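Take a moment to turn the model around on your screen before reading on. Let's then walk through it together, piece by piece.

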2 protein chains.
Amino acid sequence: MDIRTRLIDTAEQLFDRHGFTATGMDRLTHGAGISSRTLYKHVGSKNRLLAIVLDERDRRFMRSLASAVSVDDLFGALGAWFADEGARGCLFLRSWAETGGEVPEIVEAMTRHKARLRQRIEEIVEAETGRRDDELAESILLLVEGVTHAATYRGSATVDVALRAARRLVEAAMV
Amino acid sequence: MDIRTRLIDTAEQLFDRHGFTATGMDRLTHGAGISSRTLYKHVGSKNRLLAIVLDERDRRFMRSLASAVSVDDLFGALGAWFADEGARGCLFLRSWAETGGEVPEIVEAMTRHKARLRQRIEEIVEAETGRRDDELAESILLLVEGVTHAATYRGSATVDVALRAARRLVEAAMV
DNA sequence: TCCAATGTAAAACGATCACTTTACTTATGC
DNA sequence: GCATAAGTAAAGTGATCGTTTTACATTGGA
């Protein structure tokens, strides 16, 4: 496995499980099995490493939603994501908050991800209902954001609740 | 103003705006205008300070929901909270995640708060519909959690979207 | 009046932070 | 076959971390 990939995977896990600031560079180098010199050659700084981690996570997350054409698909994919990766809240928002919104590259990574997510939901809603519906898309976004955070303390059954609520909102918007 | 109150208020603002780990003890002592010796006499440790901050925030938050008997009241109170305090995501979940779920007193403060929130929503739903409805309450919780986090990047108009979605779910549950 | 409590300022604690540097080894490609 | 690139281990950078301690000032109640 490529050094850079190994580093980014390790960093994503450590940042997600223990927090960004709480994760020291030595934990990262030991975890990835590389020297600190190599780490800095590859990613330049801790902040930049986080930005790269977030971009990579965004790509992987969006890939998991790639084939979704209904809210059933959407929440199915979310449930699979939580089962695979765990549910500890949105890493993008957590990274943004932990750095006080003061690190531009992290603000941008968060903003990019959220814009893509919103766009993807818009597409799914259009595929499901046959027309654009901003209000419905925004409501579904709220349920997605809600289940992402509620699943951390109420467990994965919350995904089913979110799906049923989404279905109700779709039905209500169809008439 | 009481020293302890001043300390807790200062800590809540700094933790919320800049993150828990990123906030050093010197920022806290300077912010509250006290010596580090006094800080430690009063709260014992940084982790304990955070736990106290969270408990105090929970009391204040619950007080802001005290008179709510409908989803209109609920999301009205939420909108007022965001307007007063800003919207940077749930401080309880953020604190829990930043400390990796490894600090018992913070895990407990988060758990207590979420249990109270869930209970309060259950009561509001019962007041609105005239009967207990776990599924509806859980859906409203998802919208509350959703708007808490989506408002950080989509602004306060999201509160209205959440309210309209909640009304739809209430209507759908009434028939 | 004097003891105890409560506060301050400031230094010291050892640990750890992100990051750089030095000195050396190991591959790779022309 | 030899320069170049890419890696290692490990020491060192100065700053900052959370916390404790020392030495001293102020104050309120028995």
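What follows is a tour from the protein chains to their shared core and on to the DNA.

Keep in mind that this is a predicted model. Start with chain A on its own. If you count its pieces, you'll find nine helices and zero strands, so reading from the N terminus on, the order of elements is simply α-α-α-α-α-α-α-α-α. The C-alpha atoms of chain A fit in a box of roughly 60 × 30 × 30 Å along the principal axes. Chain A has 175 residues, and 53% of them count as buried. Now look at which parts of the chain touch each other. Among the contacts in chain A between residues at least 6 apart in sequence, 66% join residues at least 24 apart.

Next, bring in chain B. How does chain A have to turn to be laid on chain B? The answer is a turn of 180°, with a shift of 0.0 Å along the axis, and the RMSD comes out at 0.0 Å. The two copies are thus related as by a two-fold rotation axis. If you want to find that axis on screen, look for A:Gly146: in chain A, its C-alpha is the nearest to the axis, at 1.8 Å. The interface tells a matching story. Since 100% of the interface residues of chain A are also interface residues in chain B, the copies meet through the same surface.

Time to look inside. The largest nonpolar core has 96 residues. Those with the most contacts inside this core are A:Phe75, A:Ile121 and A:Ile140, along with B:Phe75, B:Ile121 and B:Ile140. Which element gives the most to this core? That is helix 8 of chain B, residues 134-154, with 11 residues. For a closer look, pick B:Ile140. Setting aside residues up to four places away in sequence, B:Ile140 touches B:Val71, B:Leu74, B:Phe75, B:Ile121, B:Val125 and B:Ala166. There is also another core, lying apart from the largest one, with 27 residues. Its members include B:Phe20, B:Leu49, B:Trp96 and B:Ala109.

Here's a residue to stop at: A:Lys114, which sits in helix 7 of chain A, residues 104-129. Is A:Lys114 buried or exposed? With a relative accessible area of 4%, A:Lys114 is buried, because buried means under 20%. So what is around it? Leaving aside neighbours within four places in sequence, A:Lys114 is in contact with A:Cys90, A:Leu93, A:Glu145 and B:Tyr153. With A:Glu145 there is also a polar contact of 3.2 Å between the two side chains.

Now for the DNA, beginning with strand C. Around DNA strand C there are 17 residues, and the closest are A:Met25, A:Lys46, B:Ser35, B:Arg37 and B:Thr38. Which parts of the strand face the protein? Of the atoms of DNA strand C within 4 Å of the protein, 62% belong to sugar or phosphate and the rest to bases. You can zoom in on examples of both kinds. On the base side, a polar side-chain atom of A:Ser36 lies 3.0 Å from a base oxygen of DNA strand C, and one of A:Arg37 lies 2.9 Å from a base oxygen of that strand. On the phosphate side, an N or O atom in the side chain of B:Ser35 is 2.8 Å from a phosphate oxygen of DNA strand C. The elements giving two or more residues to the surface near this strand are helix 2 (25-32) and helix 3 (36-43) of chain A, together with helix 3 (36-43) of chain B. Helix 3 of chain B gives the most, with four residues. By class, this surface has four nonpolar, nine polar and four charged residues.

Finally, swing over to DNA strand D. Of the 17 residues around DNA strand D, A:Ser35, A:Arg37, A:Thr38, B:Met25 and B:Lys46 come nearest. Here 60% of the strand's atoms within 4 Å of the protein belong to sugar or phosphate, and the rest belong to bases. A polar side-chain atom of B:Ser36 lies 3.0 Å from a base oxygen of DNA strand D, while one of B:Tyr40 lies 2.9 Å from a phosphate oxygen. Helix 3 of chain A gives the most to the surface near DNA strand D, with four residues.

Terms used
Residues are numbered from 1 along each chain as its sequence is written. Chains are lettered from A and ligands numbered from 1 in the order in which they are written. This is a predicted model: local features need pLDDT of at least 70, side-chain atom pairs count only at pLDDT 80 or more; totals for chains, interfaces and linings use all residues. Side-chain values use heavy atoms; hydrogens and water are left out. A nonpolar core is a set of buried Ala, Val, Leu, Ile, Met, Phe, Trp, Tyr and Cys residues joined through side-chain atoms within 4.5 Å. Buried means under 20% relative accessible area, exposed over 50%, partly exposed in between (1.4 Å probe, protein chains only). Contact means heavy atoms within 4.5 Å. A residue is near a molecule or strand if one of its heavy atoms lies within 4 Å of it. A polar contact is a pair of N or O atoms within 3.5 Å; within protein, one must be able to donate a hydrogen and the other to accept it, and residues adjacent in sequence count only if both atoms are side-chain atoms. Ala, Val, Leu, Ile, Met, Phe, Trp, Tyr, Cys and Pro count as nonpolar, Asp, Glu, Lys and Arg as charged, and the others, Gly among them, as polar. Copies are superposed by least squares on the C-alpha atoms of residues with pLDDT of at least 70 in both.
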